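Biologist: Before the terms used for this protein are accepted, I should like each of them to be justified. May we go through them in turn?

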Amino acid sequence: MATYIVLLGPPGVGKGTQARILSETKKLAHISSGDLFRENIKNQTELGKVVKSYLDKGELVPDDVTIAMIRDRLSRPDCEAGAILDGFPRTPAQAEALEAMLKDFKGSVDAVPYITAAENVLIERASGRWTCKANGHIYHEKFNPPKQAGICDIDGSEVYQREDDKAETVSKRIHVYLEQTMPLVDHYRKAGKLVEVDGTLAVDQVTKTLFDKLKK
Ligand code: ADP
Ligand code: ADP
């Protein structure tokens with residue numbers, strides 16, 4: 001049966017960083033809703049045109065649009081063994097839709113690592129984040145700078161600061177998270193799927209906690 005892991009946590013806590021590591025180790029597709037939206041914006045697709053203003057403002061894209069995009073992504077062949085979902089679901093309606101679509105794929109949400117850190121940590125991380133243009137590889141100006149300034153170590157493309165990683169928009173995104181996504185913590189706790197991980201420590205220590213707790 002396919003394995004599906006949902007990463008839950010506020011903006012900037014380190015979901016994308018841990019999702020990449022989990023995806024490589026567990027040989028599961030990494031599905032980042034934010035990366036998919038940014039790819040569509042970059043390629044000026046119809047979807048990209050619809051979602052751009054939401055990302056710019058730090059607001060959530062409407063559920064129907066987001067759910068359709070994820071359903072399409074999950075039905076591709078590289079997701080046959082399952083996937084690491086990073087940034088989806090973010091609302092109760094999305095969580096419900098996910099459960100329904102995973103039934104079609106003969107699976108269900110297996111575990112939900114919930115990564116947390118204090119708000120000042122989130123702001124420092126998100127506002128120092130640099131993202132690679134070609135593939136969304138993640139860096140931090142202080143905690144994980146690329147070897148050569150401005151250039152992605154992995155694919156040599158340019159790294160840039162996301163428009164929505166300005167301190168003001170980060171605060172807005174945290175607010176949106178508290179209002180719209182926090183209910184999912186309770187939802188997955190009640191379902192016995194929540195795996196709480198302190199995201200405050202360095203990347204490799206967070207990874208270690210995450211893997212140790214997932215084994216149990
Ligand atoms: P999210 O996907 O939750 O928004 P990211 O994985 O993109 O978070 O991480 C946000 C920023 O913080 C990035 O610049 C990343 O390099 C950095 N980062 C991630 N995890 C840690 C950590 N444990 N310690 C320090 N910096 C981190
Ligand atoms: P972060 O990991 O730092 O929180 P993301 O890259 O996941 O940022 O998301 C960036 C933006 O993409 C969000 O502010 C929102 O506009 C949009 N987005 C991403 N995932 C979703 C989702 N599941 N539902 C609605 N909007 C989303």
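Modeller: The following exchange takes up the sheet, one helix, a pocket and a loop residue of this predicted model.

Biologist: What makes the sheet open, and in which order do its strands lie?

Modeller: The five strands follow the order β2-β3-β1-β4-β8, with parallel pairing. β2 (29-32) and β8 (194-198) stand at the edges with a single partner strand each, so one side of each has no neighbour in the sheet. From one strand to the next the twist averages 20 degrees.

Biologist: Why are β4 and β8 called paired?

Modeller: Two strands pair if at least two bridges are found between them. Strand β4 (residues 109-116) and β8 have five bridges, in the parallel sense, and therefore count as a pair. Within this pairing, P113 stands opposite V195 of β8.

Biologist: Which helices lie across these strands, and at what angles?

Modeller: Helix α2 (residues 33-42) lies across β2 and β3 (82-86) and runs at about 70 degrees to β2. Helix α9 (residues 203-215) lies across β1 (3-7), β4 and β8, at about 155 degrees to β8.

Biologist: Which residues of α2 are called buried, and why?

Modeller: The buried residues are S33, G34, L36, F37, R38 and N40. They bear that name because each has under 20% relative accessible area. Their cover includes β2, α3 (46-57), α4 (63-74), β3 and β7 (159-160). After α2 comes Q44, with a positive phi near 50 degrees.

Biologist: What makes α2 prominent in the lining of the second largest pocket?

Modeller: α2 gives the largest share of that lining, seven residues. The pocket holds about 840 Å³ of space. Of its 31 lining residues, D35, L36, R38, E39 and N40 are the closest to its centre. Other elements that supply at least two residues each include α1 (15-26) and β5 (129-132).

Biologist: How many residues of that lining are charged, and why does D35 count among the charged class?

Modeller: The lining has 15 charged residues, besides nine nonpolar and seven polar ones. Asp counts as charged, so D35, a lining residue, belongs to that class.

Biologist: Where is E163, and which residues does E163 touch?

Modeller: E163 is in the loop between β7 and α7 (167-181). Leaving aside residues up to four places away in sequence, E163 touches D56 and T169. Because contact means heavy atoms within 4.5 Å, E163 has heavy atoms within that limit of both residues. The C-alpha atoms of E163 and K57 are separated by 9.4 Å, although their places lie 106 residues apart along the chain.

Conventions. Residues numbered from 1 in each chain as written. Chains lettered and ligands numbered in written order. Predicted model: local features only at pLDDT ≥ 70, side-chain atom pairs only at ≥ 80, totals over all residues. Heavy atoms only, no water. Helix = DSSP H or I, 4+ residues; strand = E, 2+ residues; numbered from the N terminus. Axes fitted to C-alpha atoms, helices over the stretch in contact; angles between N-to-C directions. 1 Å grid on protein atoms, 1.4 Å probe; cavity = no way out; pocket = protein on both sides within 12 Å on 5 of 7 lines; lining within 4 Å. Points joined across faces, edges and corners; volume = space filled by probe spheres on them. Buried < 20%, exposed > 50% of the residue type's maximum accessible area, 1.4 Å probe, protein only.
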